Amino acid sequence: MSSQSDIAIHVEGLSKQYQLGAAPGRNPTLRDKLANTAKRILRLQRSAPLESFWALQDVSFQIQRGEIVGVVGHNGAGKSTLLKILARITSPTSGWAEIHGRVGSLLEVGTGFHPELSGRENIFLNGAILGMRREEIRRQFDEIVAFAEVEKFIDTPVKHYSSGMYLRLAFAVAAHLELDILMVDEVLAVGDAAFQKKCLGKMQDVTQQGRTVLFVSHNMQAVQSLSQRTLHLKGGRVQAFDETSVVIASYLAGLEDRDCEHRWADDEAPGDDTLRLLSMSVADEDGSTSGVFQSGKALTVEMRFDLRKPDTSLCVGFDLTTNFGDVVLRSYQTDAPHEQHLPQHIGENIWRCTIPRGLLNHGTFQIHPRISLHNLKWIVRADAALQFKMLLDHGESPFWNSLHERSRPGVISPILGWSVAQDGILCRPE
């Protein structure tokens, strides 16, 4: 039995209810209150009951000091709501949470930054908000800037930073200041692979100093390597809280019910007042959406969305990942040459992307919608909407059937061209 002094986070019976149409995750503005009052009056006039949903229901757990705990679950499982309550950004409807120590949270890119202030000024501002003395911040300042790799831009207003620069500086501030608890919510997905590795190493260093990390991610490899225990949320409830390997195995087994077509109900369509994603699908070149494809056939990913405000900075795309969360590729429509850019129009748009044949290896893959403005503001960043299995059978090679391998190392398995250097004759097996 752990003593009270060993506990960093103690959550008991935590529940959070939201009203549909309200703005979750933040305190309502005067505009929100007026709008919600008008909606209530209209509902009363129509005798319509006020709709609501539970983002969290009766969540209870304890986390020890110096422990790294992963948090996994589908989109809408309650992961972000939980962290926002623990970070005191929003309050629970019922239940309670005790936090022992000073908390730093990284829940969204740029959270807590003032866009008009420079990187230098935001470092000191964030430290002051966390209750740190100026001397404490100054002592860590050089390490923060070096880790974030923004030395040349440290005196530039952060509104001019790219999303990657925002992320690096925000993480560096949260990880280097003298906090007892660090909470990170999936924002590492914005950074490049080298920076993600750097962040994972830093989080391990943080726990060796006796500090606690709560880490939300869809990357099962990162969760597996970083956390000792993992919390699995499903439908706002605790599905499991156990050793990471046990929880991940159960979580991945539950992904098998995903399919190759997904439509969102009108009131659940992800997006904002710029765009709402209506549906996604993946099919092979024969039009099949069976969910089991041969690698020798091209796949088409279709995204159907309702565009309400055309914007030239709109980036519509997806992440293709393994079912363990490793990113195979990210593709946006803006990747195409300028002359091939897709036209936008108010109302329903249907855009398609082709994954070439002979690319993917044997295995299970997922597609996650990713829609943003200039890669800075996320409009849609949803959990795996689609899942399919790929069978390694490139077919088009007359020599393919003579190979005994049906699964090769690696995520991709393209057929590459070979030639003899001295005379250019293609090298083919006998």
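**Figure 1. Contacts and make-up of the whole chain in the predicted model.** Among the contacts in the chain with a separation of 6 or more, 70% are accounted for by residues 24 or more positions apart. The chain holds eight helices and 19 strands. Of its 430 residues, 45% are buried. The views that follow show two sheets, one strand residue and one pair of helices.

**Figure 2. The open sheet of six strands.** Read across the sheet, the strands follow the order β5-β6-β7-β3-β8-β9, and their pairing is mixed. The edges are formed by β5 (103-106) and β9 (237-243), each of which pairs on one side only. From one strand to the next, the twist averages 15 degrees. Strands of a sheet pair through backbone hydrogen bonds, and they may do so in a parallel or an antiparallel manner. A parallel example is the pair made of strand β3 (residues 68-72) and strand β8 (residues 229-234), which are joined by four bridges. Within this pair, G70 stands opposite T230 of β8.

**Figure 3. Helices α2 and α8 on the sheet of six strands.** Helix α2 (residues 79-86) packs on this sheet and touches β3, β6 (181-185), β7 (212-216) and β8. The direction of α2 makes about 150 degrees with that of β6. Helix α8 (residues 244-253) also packs on the sheet, where it touches β3, β8 and β9. Between the direction of α8 and that of β9 the angle is about 135 degrees. Strands β3 and β8 are thus touched by α2 and also by α8.

**Figure 4. The open sheet of three strands.** The order of the strands is β2-β1-β4, and the pairing is antiparallel. Because β2 (52-64) and β4 (94-99) stand at the edges with a single partner strand each, one side of each is left without a neighbour in the sheet. The twist in this sheet averages 15 degrees from one strand to the next. Five bridges link β4 to strand β1 (residues 7-19) in the antiparallel sense. One residue of this pairing, I9, has I99 in β4 as its bridge partner. Helix α2 packs on this sheet as well, touching β1, β2 and β4, and its direction makes about 120 degrees with that of β1.

**Figure 5. The surroundings of S105 in strand β5.** S105 has a relative accessible area of 28% and is therefore partly exposed, a class that lies between the limits of 20% and 50%. Leaving aside neighbours within four places in sequence, S105 is in contact with A87 and M183. I89 is 16 residues from S105 in sequence, and their C-alpha atoms are 10.0 Å apart in space.

**Figure 6. The packing of helices α3 and α4.** Two packed helices are described by the angle between their axes and by the distance between those axes. Helix α3 (residues 119-129) packs with helix α4 (residues 134-148) at an angle of about 135 degrees, and the axes are 10 Å apart. This angle makes α3 oblique to α4. The crossing of α3 past α4 is right-handed. From α3, the residues that make the contact are R120, I123, F124, G127 and A128; from α4, they are R134, I137, R138, F141, I144 and V145. Sorted by class, the contact of α3 with α4 contains seven nonpolar residues, one polar residue and three charged residues.

Conventions: Residues numbered from 1 in each chain as written. Predicted model: local features only at pLDDT ≥ 70, side-chain atom pairs only at ≥ 80, totals over all residues. Heavy atoms only, no water. Pairing = 2+ DSSP bridges. Helix = DSSP H or I, 4+ residues; strand = E, 2+ residues; numbered from the N terminus. Axes fitted to C-alpha atoms, helices over the stretch in contact; angles between N-to-C directions. Contact = heavy atoms within 4.5 Å. Buried < 20%, exposed > 50% of the residue type's maximum accessible area, 1.4 Å probe, protein only. Parallel < 35°, antiparallel > 145°, perpendicular 65-115°, else oblique. Left-handed = near helix turned anticlockwise from the far one by under 90°. Nonpolar A, V, L, I, M, F, W, Y, C, P; charged D, E, K, R; others polar.
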